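Dear colleague,

I am handing over a structure that I would like you to look through before we next talk. Please open it first, and then read the notes that follow beside it.

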Amino acid sequence: RLRIDEELKELQAKVDSWVPPAEITVFNELPLSARTLKGLKSSHFLNPTPIQQLAIPPALRGQDLLGSAKTGSGKTLAFLIPMLERLYLDKWGPMDGLGAVVISPTRELAVQTFNQLRDIGKYHNFSAGLVIGGKPLKEEQERLGRMNILIATPGRLLQHLDSTVGFESSGVKVLVLDEADRLLDLGFLPALRAIIGHFSSGTQLSNTKPNRQTLLFSATQTKDLASLAKLSLYQPEYINCNKAGE
Ligand code: ADP
Ligand code: MG
């Protein structure tokens with residue numbers, strides 16, 4: 001316990017005082033926990049991609065983000081890594097309930113994200129679950145009440161949140177909207193609106209910083225994406241790896 005407290009204090013100081021080096025070539029150069037670095041190494045991830053280099057540091061400090069980078073550029077780890085780190089730095093434990101939710105447009109993407117989380121997060125003590133339907137709602141509910149991290153598709157997640165015995169969602173620290181352009185193409189804007197409403201506490205004033213951090217990732221930028229960003233993000237940092245020459 002004492003050793004962990006010391007490690008967390010040191011790590012938080014590292015995150016707070018971190019100055020980006022001229023060039024980041026390995027994950028070790030980012031202010032990450034030994035557990036996450038070990039998980040990355042054992043999954044053979046050594047060199048962060050550009051979106052990972054740019055998005056991870058501000059996300060570690062708790063900032064909201066809109067990250068754009070083309071398909072295949074490594075956006076999944078750009079949010080999974082800071083999500084794990086934020087829970088770990090907050091001393092989130094298995095008994096602390098739901099702390100992070102990732103929303104994916106399709107079941108297939110949710111499963112891929114879940115598998116990547118299981119790989120790189122295996123040295124952490126968090127429980128993670130998939131919410132993608134295909135099982136009776138009630139059966140899912142019993143299991144989900146104990147999860148720390150959920151990877152979900154919007155329709156199924158909303159069914160749970162709307163249900164009278166829905167799981168507790170007010171403690172969520174990190175909300176990720178992944179492949180946001182696809183979420184919008186598939187017509188999920190109303191569902192996302194409702195989900196964001198559930199995760200925003202009723203007493204929250206619209207111009208104050210929410211307790212929840214929201215990370216929005218997309219391959220492309222559209223007008224609809226700008227309105228989703230406006231709806232979900234608080235003073236976000238914009239990271240765009242799609243610019244010419246990058
Ligand atoms: P995107 O969401 O931007 O389309 P993904 O997160 O799905 O991209 O990543 C695309 C592929 O690149 C995946 O197979 C993933 O495992 C791999 N990948 C991601 N980050 C790295 C990295 N830092 N080093 C090596 N491979 C990576
Ligand atoms: Mg992706």
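**The second largest pocket**

In this model, which is predicted, the second largest pocket holds about 280 Å³ of space. Its lining is made up of 18 residues, and those closest to the centre of the pocket are Gly-74, Lys-75, Thr-76, Gln-112 and Glu-179. If you sort the lining residues by character, you will find 10 that are polar, 5 that are charged and 3 that are nonpolar. Two helices, α4 (75-89) and α5 (107-120), each supply at least two residues of this lining, and the largest share, 4 residues, comes from α5.

**Two helices in contact**

Elsewhere in your reading, please turn to helix α7 (residues 154-162) and helix α9 (residues 189-199), whose axes come within 10 Å and cross at roughly 40°. Two packed helices are described by the angle between their axes and the distance between the axes. Because an angle of roughly 40° is neither under 35 degrees, which would count as roughly parallel, nor within the 65 to 115 that counts as roughly perpendicular, α7 and α9 are oblique to each other. The crossing in which α7 passes α9 is left-handed.

On the α7 side, the residues that take part are Pro-154, Leu-157, Leu-158, Leu-161 and Asp-162, and they meet Ala-191, Ala-194, Ile-195, His-198 and Phe-199 of α9. Taken by character, the residues of this contact divide into 8 nonpolar, 1 polar and 1 charged.

With best wishes

Notes
Residues numbered from 1 in each chain as written. Chains lettered and ligands numbered in written order. Predicted model: local features only at pLDDT ≥ 70, side-chain atom pairs only at ≥ 80, totals over all residues. Heavy atoms only, no water. Axes fitted to C-alpha atoms, helices over the stretch in contact; angles between N-to-C directions. Parallel < 35°, antiparallel > 145°, perpendicular 65-115°, else oblique. Left-handed = near helix turned anticlockwise from the far one by under 90°. Contact = heavy atoms within 4.5 Å. Nonpolar A, V, L, I, M, F, W, Y, C, P; charged D, E, K, R; others polar. 1 Å grid on protein atoms, 1.4 Å probe; cavity = no way out; pocket = protein on both sides within 12 Å on 5 of 7 lines; lining within 4 Å. Points joined across faces, edges and corners; volume = space filled by probe spheres on them.
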